[in-house]
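Work through the exercises below with the structure in view. Each task is followed by a solution in steps.

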There are 2 protein chains.
Amino acid sequence: MKSKKGILFAADILDKNKLFNVLEEVKPYISAIKIGNLVLYQHSLSIIKEIKKIASIPILADLKLLDMPNMVGKITKNAVDAGADGIMVAGSIGIEGILECKKYLNNNLLFVFTQFTHCDGLITEDEANQYIQLAIDMKCDGVQVPATVKNRIPKVRNMVGPDVILISCGIGTQKYFENETEGPSIGSAIQLGADYEIIGRSIYQNSSPMNAARAAYNIILGILE
Amino acid sequence: MKSKKGILFAADILDKNKLFNVLEEVKPYISAIKIGNLVLYQHSLSIIKEIKKIASIPILADLKLLDMPNMVGKITKNAVDAGADGIMVAGSIGIEGILECKKYLNNNLLFVFTQFTHCDGLITEDEANQYIQLAIDMKCDGVQVPATVKNRIPKVRNMVGPDVILISCGIGTQKYFENETEGPSIGSAIQLGADYEIIGRSIYQNSSPMNAARAAYNIILGILE
């Protein structure tokens, strides 16, 4: 995930067969796969190795770990043993939590969740900035930034510099305010400075996930060229 | 969990056979079981039904959910379908997140995680108070409060009143500052106004979990009488 840019596919598909079929369809067009808690609670971390048999694409275990350092370390170890190429933790775990993760990550990547996509999540911009500063200070590999929060991507890119991987969520389906007609368009987050756009429902809820993934890929390719 | 007080056993035991054996030993002395992300990621939510065959004791799925409302709702539904009697979410998910949980909880309980037990977690007391106020406003069933933070339990009990279930973690093993010699003693959190003491390692790391659980039970019984 360090050099590529593109789609980080949010594979939030509960049914295992459907998940595998969709991954088979979309894999030529995506740069990485995000497996989140919906799928992990249902199928356990062992699903990571099953996915690796289908697609040899980096897998980010989006755990959003929010726990004491000792527990964060243990779970990181298990996720890495299960084949995760990276994990995501909550910024609020602080320095000790990050240090415990790093003990068990080997060369796998550490991402920090910083802010919600929806407007009433109780993380202020100041708190999000604090989590981003933590990611910088602790030399984490990447940060999550909501594409739904206006001007946020350029601000964060400016804070973290060019080398931190910026993954941006809320593309396509999500909105910041309930009354908005649509979420950020595909390509818009990369245009503003993100490395990866986290896209889920806009692809897997399409009648043809393959066509939706290809279309998104082509939009992003046009921006990157 | 609404009427009883006592031990909420933090069953953070990765090996399934060991987990089941320990539960068999300690079940006469505990009032509820907390299954957290360590175990859930390894064995999936399906382990809840397996535990219910061993012990007919309420199970709190300590997910510490930190996600957008749509996802929080989906995961809540799956946890309840899997047999959880309650779930825990991060306070920072906000009103919309809590509302989505409530859609799927039926009569099961909703707990809000408010604050870390370790001193460098990036949740300030003001933020923790905001999460507690959210729990009050949204009529959640309970809140988590760290026993390691001095004077915190009486303060929170004062905020939430007598009817909100106060579960307190960090009993026995955890410390707020690294240089403290020991964590809060068993019984101390209930004495200060908590309903449940979350006890894990002090029981399952003992050479006899049964003896450790019985001893803790007797201490708490002495306080409650």
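**Exercise 1. Find how the two chains are related.**

The model is a predicted one. Start by superposing the copies: a turn of 180° with a shift of 0.0 Å along the axis lays chain A on chain B, and the RMSD is 0.0 Å. This is the relation of a two-fold axis.

Next, look for the residue of chain A that comes closest to the rotation axis. That residue is Ser44(A), whose C-alpha lies at 2.3 Å.

Last, compare the interface residues. Of those in chain A, 100% are also interface residues in chain B, so the copies meet through the same surface.

**Exercise 2. Describe the sheet of chain A and two helices that lie across its strands.**

Follow the strand order: β1-β2-β3-β4-β5-β6-β7-β8 of chain A make a closed barrel of eight strands, with parallel pairing. On average, and ignoring direction, neighbouring strands are turned by 30° against each other.

Take one pair in detail. Strand β7 (residues 165-169) and strand β8 (residues 196-199) of chain A run parallel and are joined by two bridges. Ser168(A) has Glu197(A) in β8(A) as its bridge partner.

Now add the helices. Helix α10 (residues 209-224) of chain A lies across β1 (6-10) and β8, at about 150° to β1(A). Helix α3 (residues 47-54) of chain A lies across β2 (32-36) and β3 (59-65), and runs at about 155° to β3(A).

**Exercise 3. Decide whether the buried residues of α3(A) lie on one side of the helix, and name what they pack against.**

List them: Ile47(A), Ile48(A) and Ile51(A) are buried. Their arc around the axis is only 100°, which puts them on the same side of α3(A). The general rule is that an α-helix has 3.6 residues a turn, so residues three or four places apart point the same way.

Then check the packing. The buried residues of α3(A) pack against α1 (16-26), β2, α2 (37-43) and β3 of chain A.

**Exercise 4. Is Asn206(B) buried, partly exposed or exposed?**

Place the residue: Asn206(B) is in the loop between α9 (201-204) and α10 (209-224) of chain B.

Count its surroundings. There are 17 other C-beta atoms within 10 Å; a buried residue would need 20 or more, and an exposed one 12 or fewer. Asn206(B) is therefore partly exposed.

Finally, list its contacts. Beyond neighbours within four places in sequence, Asn206(B) is in contact with Asn211(B) and Ala212(B). Ile186(B), 20 residues from Asn206(B) in sequence, is 14 Å from it in space, C-alpha to C-alpha.

Conventions. Residues are numbered from 1 along each chain as its sequence is written. Chains are lettered from A and ligands numbered from 1 in the order in which they are written. This is a predicted model: local features need pLDDT of at least 70, side-chain atom pairs count only at pLDDT 80 or more; totals for chains, interfaces and linings use all residues. Two strands pair if DSSP finds at least two bridges between them. Helices (H or I, at least four residues) and strands (E, at least two) are DSSP runs, numbered from the N terminus. Axes are lines fitted to C-alpha atoms, for helices over the stretch in contact, and angles run from 0 to 180 degrees between N-to-C directions. Two residues are in contact if their C-beta atoms, placed from the backbone, lie within 7 Å. Copies are superposed by least squares on the C-alpha atoms of residues with pLDDT of at least 70 in both. The arc is that of the directions from the helix axis to the C-beta atoms.
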